[in-house]
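Please take a look at the model shown here. The report below covers its burial, sheets, cysteines and cavities.

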Amino acid sequence: MKKVLALLVVMCIMITSFSLVSYADDSIKIKINGYNHEYDVMPVIINSRTMVPMRGIFESLGADISWDGDTKTVRAFGLNGTQITHIIGESAAVVNGDIVALDTPSQIINGRTMVPVRFVSEALGEKVDWDADTKTVIIGDKLVAKSPALATLKSTVHRPVPTEFTRSKDLNDLEYYSNFDAVLGKKAVNYDDAKLILSPEEFINDMEFDSKVEGATCEKVAIDGEGFTEALRVSVPVAPEKDTMIIGRFTEKLKGRAEVGDSLLVKFTAKCISTDAEDGFGKVKIQIEAPETFKKALFDVFTFDNTYRTFYIPCAMVENAVNVGVRFAYNAQTVEIADFNIYNFGNYPLSDLPSDASLLKVLAPDAEWRKEANERIEKIRKGDFKVVVKDKDGNIIPDAKVKADMFEHEFQFGSVIGDSNTVSMEKTRGKTFIENYNSAVFESNTKMGLHKPESVREAMNLAKVNGIKYFRGHSIVWEKFVSRLGNYLMPKELETAFNEGNREKFDQIIKDYMKYVIEYYPEMKEWDVANEIVANTLFRDTFGEEYIAEYMRWMHDMNPDTTVVYNEAAQWSEDYIARIKMLERVGAMKDVDKLGLQSHYNGTIKNPEEMLALYDRVVKESGVDEIIATEYSTGAFPDEKLHADFNRDFMIATFSHPNMTGIYMWGHWSSATSEYHKNAPLYDTEWNLKKGGQAYQDLLYNKWWTNEEGTTNANGEFGLRGFYGDYDVTVEANGQTKTVMVAFHKGYDNILEITMD
């Protein structure tokens, strides 16, 4: 039927044409999905065939276009998963692997690729019609708003999102999960009532430093201005294979000093001087255990940044747990441990002992930062929209019923995908992904050394069909070849060129990859071009600091529209700011469009106030206007209630920051396969929605979601204030009902005119 319609269009145009070439300024118009469209090159008739601008029309229909000027090849990737490859001047194209004939060859007119209108129907499956009275090619049967006052709607797909909630839409009507009264209401303890069974002096002087790593050292250093005068500084030159390879031991130190069931309190202070850890944190494990049975009173990992942090850990004594140990063998790192105490409070209630309550204070219901954040959200994430209703003669229609229902966020909420199963609605993982996100990033399959183009393309096509509208590319350059898991992050042929000292070949391999992904994945509008450059410096060490400016510039030169991102895991360290200044010094910052801040909370936890301070500092120090929270994970929260409170407030703090453009999780369901997927933000291992997932959905689809209705005033206008995003606007007037899809996005006038026919 589509081919018949297309042939009728062609025949009608042939009848109405009087010359071989007829320009559209005084003849042919284009209407797509209910709205007239104008392009810098409009349709022409060549050899009795109507030729239309391919890029303009395809992009208006939601397709992504790429162009290879060397081979004069255009590629298009439609919302329905269609893949199209066409060489300009040829009379055929490849559509989903099949050859499709064009009834006349394409050609370039005034710099624009023109294709037969029939090709639109056959390639994208769109309805094509012809209005002889107005000489208009009509494409598509959806009603999508098109106006300079409005953003272009990226996708018409409506994802299946949650619609039922127990809380109101009030931004301050939140669920709080932890027992804040019990934790924050703890009484101050009197340390004079406890026995100090391991003192700071004993810790400094009596530690047995047991190291199986050559070059590892432990030394006493003087400290000023911190409330203590000395610390142990432990330096680990290389990342050990096991955490048992370096242990500070206190053998039988607690013998005779505590009984089974006694309430112990471990208190110590730690600081990271340097580390090669990707997140920039130092790490130690504290253990209190029995020598033969290995029963443990304490066996926890603690992470910390480059400022002194004090830890309070209550624990109960177990049988014969007389040995104390500190494990240092995690990364190549230098850390300081000081003011180390173990107190025995006897039968004092363990729940009343001090704990690290600083996080809970910031997550508590009356936290002032949250009130301020919600005020910012109301101000920066919402806009004033106007709907104007008229009749076909242009007369305003008062008292028309108007309903505006949001169906998508403008802000990017995403997570990682892999193959097509991860976004398939036939799979639980895919179904829950589509339900919770409008954006996607590939965890490994677009890394240069692990690239799987066919799998990526298949997954992207399916994701688009199911409503995913934004894609990030991760990643182009890692300044190391192999990950700590043994995976090649950069291709082996690049390593070979590096080892051979063949700089020309080395550069070309990177350039070729950039060119390929830009052309083959036009949907990926932004790329992590530089990734984790604090911990990884191999290429700069060899080619000089300026090398990073070179490969950042290559990406921009190949496609100026690509958003170039520097993505980092060590943003909490002072080394990160030093890298920002280095990028400025070598001229690379002019090609950095956005800074990605990896948000792995699998060790050291930062509270929302600290997050907001970091976001402010990064913007100020870098001068970059846009930042994005990448790789969000929550492995540090085994307690589901605390996890939910943290998840809620991470979202609020990050969404409230004016420079933030998106939040990408590093997995949404809990899996033991990776430290990044442990205790994931939304779902447990059995795909049950966690309390943290409930908090997330309440924010995204209830509190940050707009549904408004009313009537037009005497001027035919209906005004509303809503969250920036995509909407269905339905009007009832004069016995008619009409629904139009519209993008109300930031930076536009956001005035929608609806004409009732």
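Of the 757 residues of the protein chain, 56% count as buried. Buried means under 20% relative accessible area, exposed over 50%, and partly exposed in between, with a 1.4 Å probe and protein chains only. This is a predicted model: local features need pLDDT of at least 70, side-chain atom pairs count only at pLDDT 80 or more, and totals for chains, interfaces and linings use all residues. Residues are numbered from 1 along each chain as its sequence is written, and side-chain values use heavy atoms, with hydrogens and water left out.

The C-alpha trace of the protein chain spans about 105 × 70 × 45 Å along its principal axes. The chain holds 17 helices and 40 strands. Both are DSSP runs numbered from the N terminus: helices are H or I with at least four residues, strands are E with at least two.

**Strands and sheets**

Two strands pair if DSSP finds at least two bridges between them. Some pairings are listed here.

| Strand pair | Sense | Bridges | Partner residues |
|---|---|---|---|
| β26 and β37 | antiparallel | seven bridges | Lys-386 and Gly-719 |
| β16 and β19 | antiparallel | four bridges | Ser-211 and Ile-246 |
| β30 and β31 | parallel | six bridges | Val-477 and Ala-530 |
| β31 and β32 | parallel | five bridges | Ala-530 and Tyr-566 |

Take the three-stranded sheet. It is open, with mixed pairing and the order β37-β26-β40. β37 (717-723) and β40 (751-756) stand at the edges with a single partner strand each, so one side of each has no neighbour in the sheet. Neighbouring strands here are turned by 25 degrees against each other on average, direction ignored. Such angles use axes fitted as lines to C-alpha atoms, for helices over the stretch in contact, and run from 0 to 180 degrees between N-to-C directions. Strand β26 covers residues 382-391.

Another open sheet has five strands, in the order β16-β19-β24-β21-β22, with antiparallel pairing. β16 (208-211) and β22 (296-304) are its edge strands, each pairing on one side only. From one strand to the next, the twist averages 20 degrees. Strand β19 spans residues 246-250.

Now to β31 (residues 524-531). Seven of its eight residues are buried. Strand β30 (residues 470-478) pairs with β31, and β31 also pairs with strand β32 (residues 563-568). Ala-530 faces Val-477 and is also the bridge partner of Tyr-566.

**Cysteines**

How many disulfides does the structure hold? Zero, where a disulfide is a pair of cysteine sulfur atoms within 2.5 Å. Cys-272 is not bonded because the closest cysteine sulfur, in Cys-218, is 16 Å from its own, too far for a bond. Cys-272 counts as buried, at 3% relative accessibility. Cys-315 counts as buried too, at 5%.

**Cavities**

On a 1 Å grid over the protein atoms alone, a cavity is a set of points where a 1.4 Å probe fits but cannot get out, and lining residues have an atom within 4 Å of a point. Grid points are joined across faces, edges and corners, and a volume is the space filled by probe spheres set on the points. The count is three cavities of 30 Å³ or more. The largest contains about 60 Å³ of space.

Which residues line the largest cavity? They are Asp-279, Phe-281, Ala-569, Gln-571, Trp-572, Gln-598, Ser-599, His-600 and Tyr-601. This lining divides into four nonpolar, four polar and one charged. Ala, Val, Leu, Ile, Met, Phe, Trp, Tyr, Cys and Pro count as nonpolar, Asp, Glu, Lys and Arg as charged, and the others, Gly among them, as polar.

Notes: On a 1 Å grid over the protein atoms alone, a cavity is a set of points where a 1.4 Å probe fits but cannot get out, and a pocket is an open set with protein on both sides within 12 Å along at least five of seven lines; lining residues have an atom within 4 Å of a point.
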